[in-house]
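Trainee: I would like a close look at a single part of this model. Please take one site and work outward from there.

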Amino acid sequence: MEDIEWYADTFKALKIFESLGYELFVVTNQSGVGRGYFSLESVYVIHRQLQNDLREHKLAVFKDFAICPHAPSDHCHCRKPSGQMIKDLIEKHHIKIDQSFMIGDKLIDAESGKNAGIQGVVVRNQSAANTTFPFFKDLLEFAHSLQK
Ligand SMILES: [Zn+2]
């Protein structure tokens with residue numbers, strides 16, 4: 001399997017989140033599964049690799065993953081911008097919604113957070129800079145904003 005490429009700032013940002021007591025979750029649309037491009041198992045393989053990479057960097061691993069494997073044409077209830085996957089994680093892990101963030105590089109990520117009742121944040125997407133969601137250059141800039 002090929003290595004996963006991480007942005008240079010990501011590990012530093014994750015360290016800060018960890019030091020502030022945040023737990024990390026992944027909420028991901030994988031419509032390639034529903035479209036038949038790749039298997040759900042291959043998504044799990046990538047998620048395991050993410051966890052291994054975090055361990056190698058002495059970072060806390062993701063506490064859970066929520067995956068929507070459906071194609072848009074499936075009209076499922078989980079696909080972002082639906083807040084359903086986040087709502088399920090909130091219930092399963094007793095997440096405090098007023099102290100949580102949904103961070104993504106797409107507007108639908110932030111919208112899915114909003115739809116689940118948590119603050120949406122956009123990073124690495126200049127076209128989102130003028131939206132109603134807080135926007136940061138990258139994950140590290142957002143992490144630093146939490147330290148203030
Ligand atoms: Zn779905």
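Is Cys78 buried or exposed?

Mentor: This is a predicted model, and what follows should be read as such. Cys78 is buried, because its relative accessible area is 17% and the cut-off for buried is under 20%. Cys76 falls on the other side of that cut-off: its relative accessibility is 23%, so Cys76 counts as partly exposed.

Both cysteines hold the zinc ion. Its ligands are the SG atoms of Cys68, Cys76 and Cys78 together with ND1 of His70, at 2.0 to 2.3 Å. The angles among these four donor atoms run from 101 to 117 degrees, and the site is tetrahedral. Angles between 85 and 135 degrees are what that label requires. Read along the chain, the donors are spaced as C-x1-H-x5-C-x1-C.

Next, the backbone around the site. Strand 2 covers 64–68 and helix 4 covers 84–93, and the loop between them contains Pro81. His75 belongs to the loop between strand 2 and helix 4 as well. Two backbone features in this loop deserve a look. Most residues other than glycine have a negative phi, and most peptide bonds are trans. The phi of His75, however, is positive, at about 50 degrees, and His75 is not a glycine. His75 is also exposed, because its relative accessibility is 67%, and over 50% is what exposed requires. The second feature is the peptide bond between Lys80 and Pro81, which is cis, with omega about 20 degrees.

A positive phi turns up elsewhere too. Arg124, likewise not a glycine, has a phi near 55 degrees. Arg124 sits in the loop that links strand 4 (119–123) to strand 5 (135–136), and with a relative accessible area of 34% Arg124 is partly exposed.

Finally, the nonpolar interior. In soluble globular proteins, nonpolar side chains tend to be buried together. Here the largest nonpolar core has 19 residues, and Ala13, Leu14, Phe17, Leu54, Phe62 and Phe142 have the most contacts inside it. Two or more residues of this core come from each of helix 1 (10–19), helix 3 (40–56), strand 4 and helix 6 (139–146). A separate core has twelve residues, including Met85, Ile95, Met102 and Ala116. As for Phe62 in the largest core, its contacts beyond four places in sequence are Leu24, Phe25, Val26, Leu50, Gln51 and Leu54.

Technical notes
Residues are numbered from 1 along each chain as its sequence is written. This is a predicted model: local features need pLDDT of at least 70, side-chain atom pairs count only at pLDDT 80 or more; totals for chains, interfaces and linings use all residues. Side-chain values use heavy atoms; hydrogens and water are left out. Helices (H or I, at least four residues) and strands (E, at least two) are DSSP runs, numbered from the N terminus. Buried means under 20% relative accessible area, exposed over 50%, partly exposed in between (1.4 Å probe, protein chains only). A nonpolar core is a set of buried Ala, Val, Leu, Ile, Met, Phe, Trp, Tyr and Cys residues joined through side-chain atoms within 4.5 Å. Contact means heavy atoms within 4.5 Å. Donors are N, O and S atoms within 2.8 Å of the metal (3.2 Å for Na, K and Ca); water is not among the atoms, so sites may look incomplete. Four donors count as tetrahedral if all angles lie between 85 and 135 degrees; four count as square planar and six as octahedral if opposite donors are over 155 degrees apart and all others between 65 and 115; anything else is irregular.
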